[in-house]
Amino acid sequence: MEKKELATSLRGRTLSFYLYPLDFREYLAFRGVEPVQDFEYSKQRFELKKLFEEYLYEGGFPEVVLEVPELRKKILQDYLK
C-alpha cells in the first residue's frame, strides 16, 4: 500500500456543509435583541448602532457571536491562518 493510499484509508468518511455568516437580523437574534418597529425614533437606536458596529467588526460568524468577548478576537485571528 502506498503512502497516499494509506492516508486516504485512515482518513475515513467526511461530511461537508456550508455555514454562512449571519445577516444583521440573525445577529441580533443571537445576541437576544428584538428591534422595535421604527427604532430610529426610540432609545434602542443607540444600542442597535453599537451592535451594528460590532457586527461589521466581527463579520457575523456564528461561532464568534456565541463566544465570550475575550475570545472573539482570537477566533477571528485563527480564521485568517
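These legends go with close-up views of helix α3 and its salt bridges in a predicted model.

**View 1. Helix α3 from end to end.** Here's the helix that the other views keep coming back to. α3 is made of 15 residues, and its first and last C-alpha atoms lie 21 Å apart, close to the 21 Å expected at 1.5 Å a residue. Just past the helix sits G59, with a positive phi of about 85 degrees.

**View 2. The two sides of α3.** Q44, L48, L51, E54, Y55 and E58 are the buried residues to look for here. They end up on the same side of α3 because they cover an arc of only 120 degrees around its axis. Flip to the other side of the helix and you'll find F46, K49, L56 and Y57 exposed. As for what the buried residues of α3 pack against, it's a trio of helices: α2, α4 (62-66) and α5.

**View 3. A salt-bridge network built on R31, K50 and E54.** These three residues are linked through salt bridges. Start with R31 and E54, whose side chains come together at 2.8 Å, N to O. That pair ties together distant parts of the chain: R31 belongs to the loop between α2 (24-30) and α3 (44-58), while E54 is in α3 itself, 23 residues apart. The K50 and E54 side chains also form a salt bridge, again at 2.8 Å from N to O. This one stays within α3, where K50 and E54 are four residues apart and so separated by about one helical turn. Is E54 buried or exposed? It counts as buried, because its relative accessibility of 19% falls under the 20% cut-off. Its partner R31 has a relative accessible area of 28%, so R31 is partly exposed.

**View 4. R72 meets E58.** This close-up shows another of the structure's four salt bridges. The closest N and O atoms of R72 and E58 are 3.2 Å apart. Once more, distant parts of the chain are joined, with R72 in helix α5 (residues 69-79) and E58 in helix α3, 14 residues apart. Both ends of the bridge are tucked away: R72 is buried at a relative accessible area of 10%, and E58 is buried too, at 7% relative accessibility. You've already met E58 in View 2, among the buried residues of α3.

Conventions
Residues numbered from 1 in each chain as written. Predicted model: local features only at pLDDT ≥ 70, side-chain atom pairs only at ≥ 80, totals over all residues. Heavy atoms only, no water. Buried < 20%, exposed > 50% of the residue type's maximum accessible area, 1.4 Å probe, protein only. Expected span 1.5 Å × (residues − 1). Arc of directions from axis to C-beta. Contact = heavy atoms within 4.5 Å.
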